[in-house]
Amino acid sequence: MFFDAQGHLTGFNKNISDMLHMPMEKYRGRHFKIVLQTLPQLKAQLENLLLYGQEINEELTIFSNKSILKGRLIGYPVQGLRSTIGYVVEIYDLSQEILNEREDLIHRLVRKMAHDIKTPLATIKFSVETLKYIINNIEDPEVQEDLKNINHEVNRIQSITNNYSKIAQLNKLKINIIDLAELCDETLLQFHPPEQVKIVKDISDEARLITADADQLRVVFKELVENALDAVGAQGEIRISTYPASFAREKHKDAICINISDSGIGIPSAVKDKIFEPSFTTKTHGTGLGLVFVKQIVANHQGEILIDSELHKGTKFQIIIPKEIKVQQEKDISWRRNTAY
Ligand SMILES: Nc1ncnc2c1ncn2[C@@H]1O[C@H](COP(=O)(O)OP(=O)(O)OP(=O)(O)O)[C@@H](O)[C@H]1O
Ligand SMILES: [Mg+2]
């Protein structure tokens, strides 16, 4: 933005209206206190520059009802021959960079956690095998049942940690032919839904065999089914279906849809925009990472996620991915920088 020596808005570039969610044209020629009356924090930050001529270079956070902009605010006076003739204010939107850095940190944490859990787990597994050998002769069915349970759960933790350490290397896709019906059954074996929760599978033959990263898709199924189970609670219905995406939308001719829907509590509209944010959770014991992984994995598969949810009625997660994924080049992680004056 450009202001004259008296603090009147004299010009701006077109990004600024989108960034601040304000029709700037309407404010051309107006004093900055009027222009920024709905953004008191930005107004206060600019006072040092526009009233006292001090250069500014500081962090900026702007809350609007639509989004949060996090970035940097830079402002400096423009000197004429004898005096200041105006001021330049630049706003750098670094929201995406900050989000990327947070995601990167989370991936590193997950990789470390998975790595740290693996060693004690291997010890437990070894000890269980030894115990099994020692007490194999004990006929007590309860002891045998307990041993079986320990073994099963340890294997489960091992496969979960393996999956997580694999997601932490999200850039590297390992493409295989996958049978979605098998993957679905495998996922459901991990859960013990309450009796009154009905699970319906409907895997279409035309959307059953695809090429994708099996480990990563396993995580997608697990996270979405887990969320659906949380959403329905003690009773309800969860439906897992796949079908050619051409049924759904013309533009996705060679893609398939994976739908995971539930008849659960639904997602309040105020929460809908936040569910993919790292650490966002409405659950007492949630980590808020499940959907972060889902989003990343779907992006890795060049796909998209659509959500349809109605409060107290249920939620549908629809994933559209190519039936045959082309192996990706190394992911471009160059920062996207968005600047406005
Ligand atoms: N099927 C669903 N129905 C209702 N709300 C959902 C559903 N799926 C996700 N959500 C909302 O999105 C939030 C984020 O989900 P996410 O899977 O990322 O984290 P979480 O389930 O809270 O924790 P975690 O998956 O790490 O155990 C949830 O806390 C919940 O509020
Ligand atoms: Mg979850």
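Let me start with the ligand. Twenty-two residues surround ligand 1, and of these 22 residues A231, T281, G286, G290 and L291 come nearest. Keep in mind that this is a predicted model. Which helices supply at least two residues each to that shell? They are α7, residues 214-232, and α9, residues 290-300. The biggest share is from α7, which gives four residues. Sorted by class, the shell has ten polar residues, nine nonpolar and three charged.

Next, confidence. Mean pLDDT for the protein is 86, with 90% of the residues at 70 or more. The stretch to be careful with is 328-337, where pLDDT is below 50. Leaving aside near neighbours in sequence, that stretch has six contacts in the model.

On to the overall layout. The protein is divided into three parts: domain 1 covers 2-93, domain 2 covers 96-169, and domain 3 covers 172-326. Between the C-alpha centres of domain 1 and domain 2 there are 53 Å.

Now a strand pair. Strand β3, residues 56-63, runs antiparallel to strand β4, residues 68-79, and eight bridges join the two. At one end of the numbering of β3, F63 has I68 in β4 as its bridge partner. Is β3 largely buried or in the open? The number of buried residues among its eight is zero, so β3 lies largely in the open.

Compare that with a loop residue, A245. This one sits between β9, residues 236-244, and β10, residues 255-262. A245 has 25 other C-beta atoms within 10 Å, and because the cut-off for buried is 20 or more, A245 counts as buried. From A245 to T84 the separation is 161 residues in sequence, and in space 61 Å, C-alpha to C-alpha.

Last, two backbone points. H21 is not a glycine, yet has a positive phi of about 50°. H21 is in the loop that links α1, residues 15-20, with α2, residues 32-35. How exposed is H21? There are 14 C-beta neighbours inside 10 Å, so H21 is classed as partly exposed.

Q302 is the other one. Its phi is also positive, about 55°, and Q302 is not a glycine either. Q302 falls in the loop between α9 and β11, the latter being residues 304-310. With 13 other C-beta atoms within 10 Å, Q302 is partly exposed. The α9 that comes before this loop is the helix I mentioned at the start, one of those that supply at least two residues to the shell around ligand 1.

That is what I have.

How values were computed:
Residues are numbered from 1 along each chain as its sequence is written. Chains are lettered from A and ligands numbered from 1 in the order in which they are written. This is a predicted model: local features need pLDDT of at least 70, side-chain atom pairs count only at pLDDT 80 or more; totals for chains, interfaces and linings use all residues. A residue is near a molecule or strand if its C-beta atom, placed from the backbone, lies within 6 Å of it. Ala, Val, Leu, Ile, Met, Phe, Trp, Tyr, Cys and Pro count as nonpolar, Asp, Glu, Lys and Arg as charged, and the others, Gly among them, as polar. A residue is buried if 20 or more other C-beta atoms lie within 10 Å of its own, exposed if 12 or fewer, and partly exposed in between; C-beta atoms are placed from the backbone. Two strands pair if DSSP finds at least two bridges between them. pLDDT is the predictor's confidence in each residue, from 0 to 100. Two residues are in contact if their C-beta atoms, placed from the backbone, lie within 7 Å. Domain bounds come from an automatic or database domain assignment.
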